[in-house]
Amino acid sequence: SAGALRDDLQRHLAGQRVLARSPSIWEDTRRFVQRHRTTTYVVTIAVIAILTMGTLATVQWARARAAEKQQAASADQARAASLRSLEAFSTATKFASELAESTAASDRLLSLMDAPLALLAESRSHAVPDDRNRMLRMEADLRTIAGDVALRRLQLDNVETHRVKVLEIERELARGMQPPPSSLADAQVRLGDLKAQRGQLDQGLAHYQAAHTIYKQRAAAAP
């Protein structure tokens, strides 16, 4: 109902849990990091090591593509290894984004994401369907993090670029799925938040309503 939507919007803007959906794994992870900040800093060295591995994976991927014409089997193995490395990079970046509280750390984290994002965008057009979907999911995850980091720096144009792209990716991944996945609704909410923050209230409300529709469809389809 309109009243329930209004109440959920008020809870969301107040930083409280909304009733239309359960908290996401990312939200639970963020709360965990905030509660265990000292422990989180202990794993910083490990995170940096994984980030480095993820950066090196971009070079491995490029070499795999060059060798594909001559050694197809070896190239397939290299692509699989590169995908695993990029997935590790994506996971590590989620934790690193919580640690990037300083301006320098935030800028460094954003710059580290440029190469994997460019590589994913370039490579997915040549990928088989399964690999393409994995690349799209990794790109959506990385862009979500990049948007959150950019928001801390108040780089709102940069935030909007990432969140619009995430919504496009989520729509592509959700094509033909009924009910639509909650990740599509989450992307609508994040973009709605930004529109509201920028004073574009009508556009923000449209994204909130789209998200609410998805949550209702998922609730109706639940056993």
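At what angle do helix α7 and α8 pack, and how far apart are their axes? In this predicted model, helix α7 spans residues 129-152 and packs with α8 at an angle of about 155°, the two axes lying 8 Å apart. Angles over 145 degrees count as roughly antiparallel, and α7 is therefore roughly antiparallel to α8. The crossing of these two helices, α7 and α8, is left-handed. Divided by class, the residues in the contact of α7 with α8 comprise 10 nonpolar, 5 polar and 9 charged.

Helix α7 itself consists of 24 residues. From its first C-alpha to its last, α7 reaches 35 Å, which is close to the 34 Å expected at 1.5 Å a residue. Leu154 follows α7 and has a positive phi, near 60°. This residue, Leu154, is placed in the loop between α7 and α8. Most residues other than glycine have a negative phi, and most peptide bonds are trans. Leu154 has a positive phi of about 60° although it is not a glycine. A further backbone feature occurs in the loop between α8 and α9, where Pro179 lies. The peptide bond from Gln178 to Pro179 is cis, with omega near -5°.

A second helix pair is formed by α9 and α10, the latter covering residues 201-221. Two packed helices are described by the angle between their axes and the distance between the axes. For α9 and α10, the axes come within 8 Å and cross at roughly 160°. The two helices α9 and α10 are therefore roughly antiparallel to each other. The crossing in which α9 passes α10 is left-handed.

Internal space was also examined. Rolling a probe the size of a water molecule over the atoms shows where empty space is left. The count of cavities of 30 Å³ or more comes to 2. The second largest cavity holds about 30 Å³ of space. Its lining is made up of Thr144, Arg163, Val166, Ala187 and Arg190. By class, the residues lining the second largest cavity divide into 2 nonpolar, 1 polar and 2 charged. Helices α8 (156-173) and α9 (182-197) each supply at least two residues of this lining. The second largest cavity is thus associated with helices that also take part in the pairs described above: α8 packs with α7, and the axis of α9 comes within 8 Å of that of α10.

Notes. Residues numbered from 1 in each chain as written. Predicted model: local features only at pLDDT ≥ 70, side-chain atom pairs only at ≥ 80, totals over all residues. Heavy atoms only, no water. 1 Å grid on protein atoms, 1.4 Å probe; cavity = no way out; pocket = protein on both sides within 12 Å on 5 of 7 lines; lining within 4 Å. Points joined across faces, edges and corners; volume = space filled by probe spheres on them. Helix = DSSP H or I, 4+ residues; strand = E, 2+ residues; numbered from the N terminus. Nonpolar A, V, L, I, M, F, W, Y, C, P; charged D, E, K, R; others polar. Axes fitted to C-alpha atoms, helices over the stretch in contact; angles between N-to-C directions. Parallel < 35°, antiparallel > 145°, perpendicular 65-115°, else oblique. Left-handed = near helix turned anticlockwise from the far one by under 90°. Expected span 1.5 Å × (residues − 1).
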